[in-house]
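Visitor: I'd like to learn how to read a model like this one, feature by feature. Could you walk me through it?

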Amino acid sequence: MRIIPVDKLEVDMVMGEQIEVAGQIMLNRGAVLTQPYIDKLQHMGLTHVTIDDSQSQDIELETTISADTHRRGTKVVAQAFYDTQEVLESIREEVKGSAEEALEHSKFTDYMKNSPAFQAIIDYTRSLLEEILNSSGGIALNSIKQHDSRMFQHAIDVTAMAISLGRELNLPERHLEDLAYGTILHDIGKIMIPKSIISKSINDLSRQELALLRTHSLLGRRMMLNNSRISQRIRAVTVVTQHHEYHDGSGFPYGLKGSSETWSSDDTKHFSGISHLAEIANIVNTFDTLTSDHLCLAEPLGYLDAAYVMVNRLYNRFHPAYLDAFLRILTIFPPGSNIQIPSGRYQGYLGTVVRTSSEDRLSPFVRLFFDDKRNKLEVPIDLDMAAEQDVSMKRRSAADLDVLEFNLL
C-alpha cells in the first residue's frame, strides 16, 4: 500500500482504506475507483488517500494509528472546539461582556459539565489509547495536515505520539489516560484567542498579540476545571496548563523547570516543577509543530531535520531521558509514507518508502513514482538509499539548520 495525492488518483486504482462521510461508508477498503468516486474524494477536500495497487503490494504501511481513526478524531475534536466557541460567543453577545466574563458565566459552566461534544472526546480518547496500546509499532505518523483543520489534526497527532512515548517509558495506564486527555485538549484555550492572531505567523505577531496567544494554556486550564469528568484528573489538567513549560525554565506561563529525575509512580514530589506528563507533551508538541506547522516555519521540516533541530538547537528545552526515548521509537521514514528526494540526481522526484533497516534507519529503500514535474513515471524507480552515494535524504544541510529562524512560543 502507499499514500497518494488525490490529484494523482486514477480510474481502476484500489482503495487501501475505508472512507466514511457523515458516518456512512462511502468507499470500502478494496473498492475499485471510478471517475465519480475520484471526483467525490477531491471534492471532500482530502489531500491524500491510501491505495493498494500492483506497484505497492509489497509495501506494508506503517502508522501509529489508522487513517480512519485519525480522521474520526479530527472530526470529534473539531466538533468540541466549534461547539464550545459557539457557546462562548453566544454568552458574550447575551451579556455584552468580555471573553473572560463569558468564561465565568453559569451558562458556560453548565455547558462544560454536560457537553456531549466533550463526552465524545473522552470516548474517542479511550478508543485511541486502546488502539495504540494494542499495536506493536513506535511513532510513525503518515497524516497529511489540511489547512482548515490543522489545529484539530495536530491534537490527534500529538496525542498519538504522547501515548506511544508514555508506553515506551512504562507509564501505568491511568497516567497514560491522563496524558491522552491532556494532550488531545492541550490547545482548547486557543478558541478564546481572536482568529486574526491564531492565523498569523508567530514571527508576525506584535508583542501584545504574542502575550495574548501565550495565555491559551491558562485559559484551557480554566475551561477544563469546569468539566467535572476531566477536572478530577489533575494530571490531565496540568498537561493543558504546562505544555509550553520547558525543561530549562524558558517556557510559560510560569517559567517552571523540569526535574533531573525520570518518572516514578510517586510523582507528587514534582508538583513544584514541570509535571513529567507535561514534559512528554512538550516534546511531541514541539516535534509536530516543527514538521507540520507553517506558522512557525515557511516550510515544515522533515522528520530527520526536525530531530536534528531538537537535539542540536533545542536540547535544553526537553527532559534528556524522554527526548532520547522519543528519538529511539521515532520512525524517521515510515514505510508507505510519501517522500520527495531533496538532492542528487533524482532531486524533486516523488515516491514512497518501501522499507527501512533497523541497522540504518536513515537510509530507507524507496520507490519513485513521479518525476520532479509530478509526471508519472512509466516504470517506477527503486532506490536503496544506503547504496546511493549522490542522493541525500536530508532536506537541509546542518549549516542551514543551525541558522534556521523559527519561533515556537
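## Where two domains meet

Guide: Let's start with an interface: between domain 1 and domain 3, about 690 Å² of area is buried, and carbon and sulfur atoms give 50% of that. Keep in mind that this is a predicted model.

Visitor: Why quote an area at all?

Guide: Interface size is often given as the accessible area lost when the parts come together. Here the parts come from a division of the protein into domain 1 (2–52), domain 2 (67–328) and domain 3 (337–384).

Visitor: How far apart are the C-alpha centres of domain 1 and domain 3?

Guide: Those centres lie 23 Å apart. The contact takes 8 residues from domain 1 and 7 residues from domain 3.

Visitor: Which residues in domain 1 lose the most area to domain 3?

Guide: They are R2, I3 and K8, and together they make up 68% of what the domain 1 side buries. R2 has another feature to look at: its charged end sits over the ring of F369, 3.7 Å from the ring centre.

Visitor: How many salt bridges are counted between domain 1 and domain 3?

Guide: The count is 2. As for individual pairs, E10 forms a salt bridge with K376, where the closest N and O atoms are 3.2 Å apart.

## Salt bridges along the chain

Visitor: How many salt bridges does the count come to by this rule?

Guide: It comes to 18 salt bridges. For each one, look at the N to O distance, then at where the partners sit in sequence. Take K107 and E94, whose closest N and O atoms are 2.8 Å apart. K107 lies in helix α4 (residues 106–114) and E94 in helix α2, so this pair ties together parts that are 13 residues apart in sequence.

Visitor: Are K107 and E94 buried or exposed?

Guide: Neither label fits, as K107 counts as partly exposed at 42% relative accessibility, and E94 is partly exposed with a relative accessible area of 48%.

Visitor: What about a pair that links distant parts of the chain?

Guide: Try E100 and R222, a salt bridge with its closest N and O atoms 2.6 Å apart. E100 is in helix α3 (residues 99–104) and R222 in helix α10 (residues 216–224), 122 residues apart. E100 is partly exposed, at 40% relative accessible area, and R222 is partly exposed too, at 26%.

Visitor: And a pair within one helix?

Guide: The side chains of D123 and R126 meet in a salt bridge, at 3.7 Å from N to O. These two are 3 residues apart in helix α5 (residues 116–133), so about one helical turn separates them. D123 is partly exposed with a relative accessible area of 40%, while R126 counts as partly exposed at 48%. Beyond single pairs, salt bridges that share partners join E177, D178, R233 and R235 into one network.

## Rings

Visitor: How should I read aromatic pairs?

Guide: Check the centre-to-centre distance, then the angle between the planes. The count here comes to 7 aromatic pairs. One of them is F287 with Y303, an edge-to-face pair at 5.0 Å centre to centre, with 65 degrees between the planes. F287 is in helix α13 (residues 276–292) and Y303 in helix α14 (residues 303–312), so to speak a link between distant parts of the chain, 16 residues apart. Both F287 and Y303 are buried.

Visitor: Why is the pair Y346 and Y349 edge-to-face?

Guide: Planes over 60 degrees apart count as edge-to-face. The planes of Y346 and Y349 are at 70 degrees, with ring centres 5.3 Å apart, so the pair falls in that class. Y346 and Y349 are both buried.

Visitor: Which residues do ring pairs link into a cluster?

Guide: F81, Y82 and F152. Rings can also sit under a charge: R317 lies over the face of Y246, at 4.2 Å from the ring centre.

## One buried residue

Visitor: Last one: where is V77 placed?

Guide: V77 is in helix α2 (residues 67–95), and at 0% relative accessibility V77 counts as buried.

Visitor: Which residues is V77 in contact with, leaving aside neighbours within four places in sequence?

Guide: The contacts are I121, F152, A155, I156 and I184. F152 also belongs to the ring cluster with F81 and Y82. For a backbone view, the C-alpha atoms of V77 and Y124 are separated by 9.3 Å, with the two residues 47 apart along the chain.

Methods:
Residues numbered from 1 in each chain as written. Predicted model: local features only at pLDDT ≥ 70, side-chain atom pairs only at ≥ 80, totals over all residues. Heavy atoms only, no water. Helix = DSSP H or I, 4+ residues; strand = E, 2+ residues; numbered from the N terminus. Buried < 20%, exposed > 50% of the residue type's maximum accessible area, 1.4 Å probe, protein only. Contact = heavy atoms within 4.5 Å. Phe/Tyr/Trp six-rings, centres within 6.5 Å; stacked < 30°, edge-to-face > 60°. Lys NZ or Arg CZ within 6 Å of the ring centre and 35° of its normal. Domains from an automatic or database assignment. Buried area = accessible area lost by both parts, 1.4 Å probe. Salt bridge = Lys/Arg side-chain N within 4 Å of Asp/Glu carboxyl O.
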